[in-house]
Structure formats: C-alpha cells, structure tokens
Amino acid sequence: MPATGAKPLGAEDEVSAARSVQQMFNSIAPRYDLLNHVLSANIDRLWWWRTARRFRSVLARPNAAVLDICCGTGDMTMALLRRRPSGARPILAADFAHGMLSRGALKFGGRGAVALEADALHLPLRPASLDLIVTAFGFRNLANYEAGLREFHRVLKPGGQLGILDFSEPGGLIGKAYAVYFRRVLPAIGRLICGKEGPYSYLPSSVGSFPPPPSMLALMRSVGYEQCSWKPYTFGIAGLYTARRPE
Ligand SMILES: C[S@@+](CC[C@H](N)C(=O)[O-])C[C@H]1O[C@@H](n2cnc3c(N)ncnc32)[C@H](O)[C@@H]1O
C-alpha cells in the first residue's frame, strides 16, 4: 500500500502522528541547528542555496507572495531572503512547532520575513493567494502527503510554483555506504548530542517510508500539478521536487 503520510512510532492516526511530530520538533529545537550542520557536514547549506536559486526569477519579483512552510529554525527562509530585492513583500515563514519557529523568528524577524504559527494541512491563507511555496525537509513529516499537496494547490495562484526539498534514498554502491551512515551512525550521533532516542531514529525510518520519486511525482500529477519533476542533489541523498499549478 502506498505511504499516505508520516507515522512516528506509536502514532495510531493522522491526529496523533501530527501531534507526535510537533512534540518531537519542539523537544529537539534547542539543538536542531547544531545537529543539522554536524550530521550533514554542512551540505544542507548547499541544498537550501540550490533550492533558492531554482526559484530566483519569482523571488526577484518584489510583489511575489512567498511561503516557506515547515520553516523550522529558518535556514531555508534565510536562503530565500538572500534572493529578494530590497523592499520586497515579506516572506511568510510558517511552522506548527512553536519552539522551532521562535528560533527561526530570531534569525529572519525584521529582515523581510514574518513568522506564522500554522499547520501545513490547514493554512490560514486565502485560496489562490501565493506565487511560490517552498518547503525544506518538512513535507516528509506531514501526516497526509496528498492532503498537503491539495492544501498547497488551494493556496497557490494559477501558475504558482511549488518546491519540495527532502531526503531520498540513493541507489547503487553510494546508496549502500550511505545507508550504513544514515541508519546506524547518524542516529547514534543524534542521540549523543540531543540526549534523546526518538527523533534521530525517526529520521531514517521516515525517509525509508517516504514515497520514492516516481510515486511522489505520480501523486503530484494526480492532485493537479503540472511540470512535475525531481532533481537529485548530492548523489540523490536529497532532491528537489518542483511543480506548478496550471494557469
Ligand atoms: C526537519 S524540520 C525542517 C526545518 C527547516 N525547513 C530546515 O530546512 O531546516 C521539519 C519542520 O517541519 C515542521 N512541520 C512538520 N509537520 C508540520 C505541519 N503539519 N505543519 C507545519 N509545520 C510542520 C516541524 O515542526 C519542523 O519544524
């Protein structure tokens, strides 16, 4: 059966899955940035930068309405902000974990982005109001992927663009070597730095159950997006899905 959404250990339905994700991110928020950079050897910065560069033409439009959903501690938002002209309309940076969002707001607050505490599956935004939605390493955590894509489709203007940056599982020899790191070494380092067992065991299991690119692309098309594609980053360890709401 195809994956419908994130299922943290012990979650029985979508409501408890979302609550468990929210609690988990609130609990690791103080150590999140440090862990991110250590565990990815800073490659995450390159991935955020490439994602922002992909959308440079829409970001360069001062009036473009842009949402970074699941913004967490705001590093994707900061990469998007670097592509905004001065005086541009503020980026909306939204997350449902207060601990993550408040740290993000310290970085981007007053610098061209505003923080919004909101659930990606129920955005407090008008239909057809956004030119661009970007989400980095957040989509995989949604309790229902199809519902997330539908909600993004609802709030995007016709012709609006979507970018979903997330982890993937590379194939071949690199994939085998990476799997050892991702499934064994990474959870051990994560446990050591943040002193908790759950979150960094959840990470590899959530990537393992996330739909692979062909299934994600099929899901995006079935929801009504066009020009759906996936670009692997760093041997396919991560990758960027892009799509457009038809005119
Ligand atoms: C792995 S962090 C990514 C943060 C940031 N985008 C980055 O690239 O570092 C995932 C974020 O998604 C948020 N998130 C997960 N499900 C969400 C939902 N349904 N609505 C809003 N935020 C959500 C979590 O609270 C967390 O801050």
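A residue counts as buried if 20 or more other C-beta atoms lie within 10 Å of its own, as exposed if 12 or fewer do, and as partly exposed in between, with C-beta atoms placed from the backbone. Helices (H or I, at least four residues) and strands (E, at least two) are DSSP runs, numbered from the N terminus. The model you are looking at is predicted: local features need pLDDT of at least 70, side-chain atom pairs count only at pLDDT 80 or more, and totals for chains, interfaces and linings use all residues. Residues are numbered from 1 along each chain as its sequence is written.

**Exercise 1. Find out how strand E7 is covered and which strands pair with it.**

Step 1. Go to residues 238-244, which make up E7; 6 of its 7 residues are buried, so the strand is mostly covered.

Step 2. Look for pairing, which requires that DSSP finds at least two bridges between two strands. E5 and E7 run antiparallel and are joined by 7 bridges. Here Ile164 stands opposite Tyr241 in E7.

Step 3. Turn to strand E6 (residues 226-233), which is antiparallel to E7 and joined to it by 6 bridges. Lys231 has Leu240 as its bridge partner in E7.

Step 4. Look at the turn: E6 and E7 form a hairpin with 4 residues between them, and Thr234 in the turn has a positive phi of about 50°. Phe235, in the loop between E6 and E7, has a positive phi near 60° although it is a residue other than glycine. Phe235 is partly exposed, with 14 other C-beta atoms within 10 Å.

**Exercise 2. Follow strand E5 to its parallel neighbour.**

Step 1. Check the surroundings of E5: 9 of its 12 residues are buried, so E5 is largely enclosed by the rest of the structure.

Step 2. Find the parallel pairing: E4 and E5 are joined in this sense over 6 bridges. Thr135 stands opposite Ile164 in E5.

**Exercise 3. Decide where the buried residues of helix H6 sit around its axis.**

Step 1. Mark the buried residues of H6 (residues 98-108): Met100, Leu101, Gly104, Ala105 and Phe108.

Step 2. Take the arc of the directions from the helix axis to the C-beta atoms. These residues cover an arc of only 135°, which puts them on the same side of H6.

Step 3. See what covers them, using contacts (C-beta atoms, placed from the backbone, within 7 Å). The cover includes H1, helix H2 (32-39), H5, strand E2 (91-95) and strand E3 (113-117).

Step 4. Just after H6, Gly110 takes a positive phi of about 75°.

**Exercise 4. Describe the shell around the ligand.**

Step 1. Collect the residues whose C-beta atom, placed from the backbone, lies within 6 Å of the ligand. There are 22 residues around the ligand, and the closest are Cys70, Gly72, Ala97, Ala136 and Gly138.

Step 2. Sort them by class: Ala, Val, Leu, Ile, Met, Phe, Trp, Tyr, Cys and Pro count as nonpolar, Asp, Glu, Lys and Arg as charged, and the others, Gly among them, as polar. The shell has 14 nonpolar, 5 polar and 3 charged residues.

Step 3. Trace the helices: H1 (14-28) and H5 (75-81) each supply at least two residues of the shell. H1 gives the largest share, 4 residues.

Methods:
Two residues are in contact if their C-beta atoms, placed from the backbone, lie within 7 Å.
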